[in-house]
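Take a look at the structure below. A short walk through its helix packing and one strand position follows.

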Amino acid sequence: MNIILGEDAYNQVKDKYITLELDTYCINDANHTSYCVLDASDIPLGEMPELTLWQDNHAKLIENWHKGNFEFCEQMIDHVMKRWGGHMNSFYTELYSRIQDIKDKELPEEWNGVIKR
């Protein structure tokens with residue numbers, strides 16, 4: 001997995017490679033979304049027919065992270081873990097850990113899932 005930052009880089013590769021949104025960071029009051037670029041040859045052949053389904057499921061996971069819907073995220077992480085030839089496991093494990101740290105706390109009103117740097 002390679003990680004890229006920003007819409008410009010994403011737009012250059014999104015039609016050529018499998019890309020998945022990761023985190024959005026707020027740096028100097030501007031949001032920058034990071035993406036991963038996956039090598040299709042690293043994805044098991046048996047997963048390829050359902051590639052679009054798993055891309056959609058990953059997108060729903062990220063969308064619900066930003067909404068603060070952590071119960072949905074926990075369930076979806078369970079489904080997407082070990083897809084992508086295992087290359088996304090570290091991201092899903094990290095996201096799950098973040099959820100465990102904050103899910104029982106009251107979120108700030110301005111919660112949007114963006115990581116401040």
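The tour goes from helix pairs to a single threonine. Keep in mind that this is a predicted model.

Start with helix α3, which spans residues 70-80. Its buried residues are F70, C73, E74, M76, I77 and V80. What covers them? The cover includes α2 and α4. Just past the end of α3, K82 adopts a positive phi of about 75°.

Now add helix α4, residues 89-102. The axes of α3 and α4 come within 10 Å of each other, and they cross at roughly 155°. An angle over 145 degrees counts as roughly antiparallel, so α3 is roughly antiparallel to α4. The crossing of α3 past α4 is left-handed. On the α3 side, the contact uses F70, C73, E74, I77 and V80. On the α4 side, it uses Y92, L95, Y96, I99, Q100 and I102. By class, this contact has 9 nonpolar residues, 1 polar and 1 charged. F70, C73, E74, I77 and V80 also appear among the buried residues of α3.

Helix α2 is the next partner of α4. It covers residues 51-67. Here the packing angle is about 25°, and the axes lie 13 Å apart. The cut-off for roughly parallel is under 35 degrees. The two helices, α2 and α4, are therefore roughly parallel to each other. The handedness of this crossing is left-handed. From α2, the contact draws on H58, L61, I62 and W65. From α4, it draws on F91, Y92, L95, R98, I99 and I102. These residues divide into 8 nonpolar, 1 polar and 1 charged.

Compare the two lists for α4. Y92, L95, I99 and I102 contact α3, and Y92, L95, I99 and I102 also contact α2.

Leave the helices for strand β3, residues 30-38. T33 sits in this strand. Is T33 buried or exposed? The cut-off for buried is under 20% relative accessible area. T33 has a relative accessible area of 14%, so it is buried. Which residues does T33 touch? Leaving out residues up to four places away in sequence, they are I4, L5, G6, E7, E21, D23 and T24. With T24 there is also a polar contact: the two side chains are joined at 3.1 Å.

To recap, α4 packs roughly antiparallel to α3 and roughly parallel to α2. Both α2 and α3 pass α4 in a left-handed crossing. In β3, T33 is buried and has a side-chain polar contact with T24.

Methods
Residues numbered from 1 in each chain as written. Predicted model: local features only at pLDDT ≥ 70, side-chain atom pairs only at ≥ 80, totals over all residues. Heavy atoms only, no water. Axes fitted to C-alpha atoms, helices over the stretch in contact; angles between N-to-C directions. Helix = DSSP H or I, 4+ residues; strand = E, 2+ residues; numbered from the N terminus. Parallel < 35°, antiparallel > 145°, perpendicular 65-115°, else oblique. Left-handed = near helix turned anticlockwise from the far one by under 90°. Contact = heavy atoms within 4.5 Å. Nonpolar A, V, L, I, M, F, W, Y, C, P; charged D, E, K, R; others polar. Buried < 20%, exposed > 50% of the residue type's maximum accessible area, 1.4 Å probe, protein only. Polar contact = N/O pair within 3.5 Å; in protein donor to acceptor, adjacent residues only side chain to side chain.
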